[in-house]
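Student: Please select a single part of this structure and examine it closely, and then set it in its wider context. I should like every cut-off stated where a term is used.

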There are 2 protein chains.
Amino acid sequence: MIEIHLFEQLAAFADCGTLSAAAEQLHISQPALSRSMQRLEEELGVSLFERQKSRLTLNETGELAVRYARNLLLQEESMIQQLRDFDRKRRTICVGSCAPVLIPDFATLLSRLYEGMTISTELTGDPRLPEYLREGRYQIAILHEKPEGEDFYSVPMESEHLYVTLPPVHPLADADGLYLKDLDGQTFLLYSQIGFWDELCRRKMPSARFLLQQDIDVLGELVANSAFPAFTTDYIIQHTGEVTDRIAIPILDPEASVTYHCTCLQAEKARFRQVFEHIRAAHSR
Amino acid sequence: MIEIHLFEQLAAFADCGTLSAAAEQLHISQPALSRSMQRLEEELGVSLFERQKSRLTLNETGELAVRYARNLLLQEESMIQQLRDFDRKRRTICVGSCAPVLIPDFATLLSRLYEGMTISTELTGDPRLPEYLREGRYQIAILHEKPEGEDFYSVPMESEHLYVTLPPVHPLADADGLYLKDLDGQTFLLYSQIGFWDELCRRKMPSARFLLQQDIDVLGELVANSAFPAFTTDYIIQHTGEVTDRIAIPILDPEASVTYHCTCLQAEKARFRQVFEHIRAAHSR
DNA sequence: TCGGATTACGTGCACCGTAATGATC
DNA sequence: GATCATTACGGTGCACGTAATCCGA
């Protein structure tokens with residue numbers, strides 16, 4: 001076996017053209033590099049250079065050796081990178097959630113249960129979330145329905161129901177309930193980070209306009225000081241209180257009422273046993 | 001960069017199961033190996049083992065690392081091997097010849113012209129010799145005809161003519177010349193190392209039997225003391241003298257008269273310039 | 001009690017850098 | 001004289017081995 005730093009030095013020499021330049025680049029002395037190259041030749045049992053007293057050049061074998069060396073160095077580099085990536089993956093639990101509201105508590109739960117692990121959460125409205133679970137991009141997914149497929153394991157968690165909030169003067173403000181299609185064509189204030197609700201709204205109200213807001217505080221301000229209808233959920237109302245001067249009317253579409261499901265691959269069911277137990281316990285309360 | 005011997009030691013540990021066994025296999029002490037593995041983990045920035053006080057086992061990352069390590073080691077090994085092969089190839093001139101008689105002088109010529117090079121000669125009756133030249137298996141070929149193809153360069157060298165030697169009592173012994181087909185069906189003494197002549201004899205005399213002899217002296221003995229027809233050439237007669245008690249009759253088939261051609265790839269013409277000059281000089285004498 | 005892993009500690013040598021030499025432009 | 005490679009030489013860090021310790025079967 002020949003140590004890889006010799007190949008690294010060979011590649012450096014090929015890059016620089018002279019020993020002195022390469023030595024400088026490698027932060028070693030010129031004699032050290034000279035000896036290294038001699039040692040490399042010796043260990044290979046092959047001559048790599050033409051020596052013209054005051055000039056060192058690669059011979060044909062040397063050129064080939066450089067190509068091989070570069071290849072080997074790349075190999076090792078990528079191998080190390082992959083190992084580090086694998087290790088990082090192994091110590092992080094990636095959660096993909098279609099629901100924004102559940103994320104903080106869920107992340108807290110995971111950090112407590114899996115000390116030392118990094119918890120990474122992502123909010124996404126992407127309906128391919130179960131697919132991503134299979135691909136290993138996420139280990140846990142919070143879905144708005146029980147996923148299809150024998151390879152998934154899931155338990156129900158919180159339910160959430162969609163409401164539209166209207167100013168009292170709004171023509172529909174005295175309704176007991178509304179279908180989304182009744183609201184189509186209007187202009188809404190909408191928070192951009194609402195996961196799967198976004199997709200539902202756009203599907204059911206193709207003619208509606210949405211004034212997307214990145215900042216939750218700005219959104220609150222606008223809701224309080226404009227007549228645009230906006231959306232909220234029972235979960236939000238319960239946790240942050242009702243918005244004054246607004247009437248919250250339940251949405252009657254069946255899709256507007258969801259039960260979130262905490263999901264993982266069957267193969268990882270055991271690994272996340274504690275999580276599911278916690279959810280079940282909390283849910284039965 | 002991580003030195004490759006660390007990966008080697010990791011692989012050894014995976015093979016042996018314990019540090020002590022691996023240390024023994026590697027001819028180093030157990031503490032040295034223990035520290036090496038710690039260093040490997042440190043340099044990778046990744047933990048590879050489960051440490052149970054008195055038992056060291058690979059964790060999931062470790063298993064992966066072992067697979068990668070084995071791969072890298074194989075890579076390096078094969079790279080070194082290929083370099084050595086390439087170097088050897090570079091310092092040897094491989095000659096493929098269809099003619100046995102020319103080989104010794106030709107080999108001598110090459111050694112003199114290319115000092116320090118290894119000269120490897122092979123006798124073969126294989127008609128694909130030009131193909132092999134293209135593939136780089138040989139650098140020079142001695143063929144019994146000028147090869148077809150723009151990519152070849154060749155100069156004519158010695159000519160050789162085939163004779164059959166018969167005992168005086170043989171019914172055909174008084175012929176001035178014979179075609180091979182006239183001799184078909186008989187039993188011949190034949191030297192096994194005669195290159196392309198072999199193929200010619202078998203093709204032209206499909207019903208003949210050949211008593212193949214590996215040993216040239218044994219063959220001489222048998223020729224001198226039996227009535228079996230045998231083959232010789234003007235070149236052989238000229239260099240080793242006539243066989244007593246035998247009549248040499250020329251073979252009249254046009255293929256029985258050949259001019260050998262020293263051939264190389266056009267691309268290597270310059271490299272072997274001296275050889276061709278020598279041949280031309282000798283030939284014009 | 002033995003086998004295995006880690007820690008502690010002293011040592012040697014492999015490799016480095018500086019200096020000197022040789023060679024070429 | 002400047003640049004570049006090699007050889008000579010002295011110093012040192014680092015990885016090694018021995019010994020000791022700890023732990024578990």
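Tutor: The part chosen is strand β6 of chain B, which is joined to strand β10 (residues 247-250) of chain B by 4 bridges, the two running antiparallel. Here strands (E, at least two residues) and helices (H or I, at least four) are DSSP runs, numbered from the N terminus, and two strands pair if DSSP finds at least two bridges between them. Within this pairing, B:Tyr163 stands opposite B:Pro250.

The model is predicted, so local features need pLDDT of at least 70 and side-chain atom pairs count only at pLDDT 80 or more, whereas totals for chains, interfaces and linings use all residues. Residues are numbered from 1 along each chain as its sequence is written, chains are lettered from A and ligands numbered from 1 in the order in which they are written, and side-chain values use heavy atoms, with hydrogens and water left out.

Strand β6(B) has further partners. Strand β11 (residues 257-265) of chain B runs antiparallel to β6(B) and is joined to it by 8 bridges; in this pair B:Phe152 faces B:Leu265. Strand β9 (residues 230-233) of chain B is also antiparallel to β6(B), with 4 bridges, and B:Thr165 stands opposite B:Ala230 there. Because 11 of the 15 residues of β6(B) (residues 152-166) are buried, the strand is largely enclosed by the rest of the structure. Buried denotes under 20% relative accessible area, exposed over 50%, and partly exposed in between, with a 1.4 Å probe and protein chains only.

The wider context begins with the second chain. Chain A can be laid on chain B with an RMSD of 0.4 Å by a turn of 180 degrees and a shift of 0.1 Å along the axis (least squares on C-alpha atoms of residues with pLDDT of at least 70 in both). The two copies are thus related as by a two-fold rotation axis. The same surface serves both: 100% of the contact residues of chain A recur in chain B, contact being heavy atoms within 4.5 Å.

The DNA completes the picture. A residue is near a strand if one of its heavy atoms lies within 4 Å of it. Of the 20 residues around DNA strand D, those that come nearest include A:Arg51 and B:Ser29. Polar contacts are pairs of N or O atoms within 3.5 Å. A side-chain N or O atom of A:Arg51 is 2.5 Å from a phosphate oxygen of DNA strand D, and a polar side-chain atom of B:Ser29 lies 2.8 Å from a phosphate oxygen of that strand. Helix α3(A) gives the largest share of this surface, 5 residues.

DNA strand C is surrounded by 20 residues, with B:Gln30 and B:Arg51 among the closest. A base oxygen of DNA strand C is 3.1 Å from a side-chain N or O atom of A:Arg35, and a base nitrogen is 3.3 Å from a side-chain N or O atom of B:Arg35. A polar backbone atom of B:Leu19 lies 3.0 Å from a phosphate oxygen of DNA strand C. Of the atoms of DNA strand C within 4 Å of the protein, 54% belong to sugar or phosphate and the rest to bases. For this strand the largest share of the surface, 5 residues, comes from α3(B).

Definitions and conventions: A polar contact is a pair of N or O atoms within 3.5 Å; within protein, one must be able to donate a hydrogen and the other to accept it, and residues adjacent in sequence count only if both atoms are side-chain atoms.
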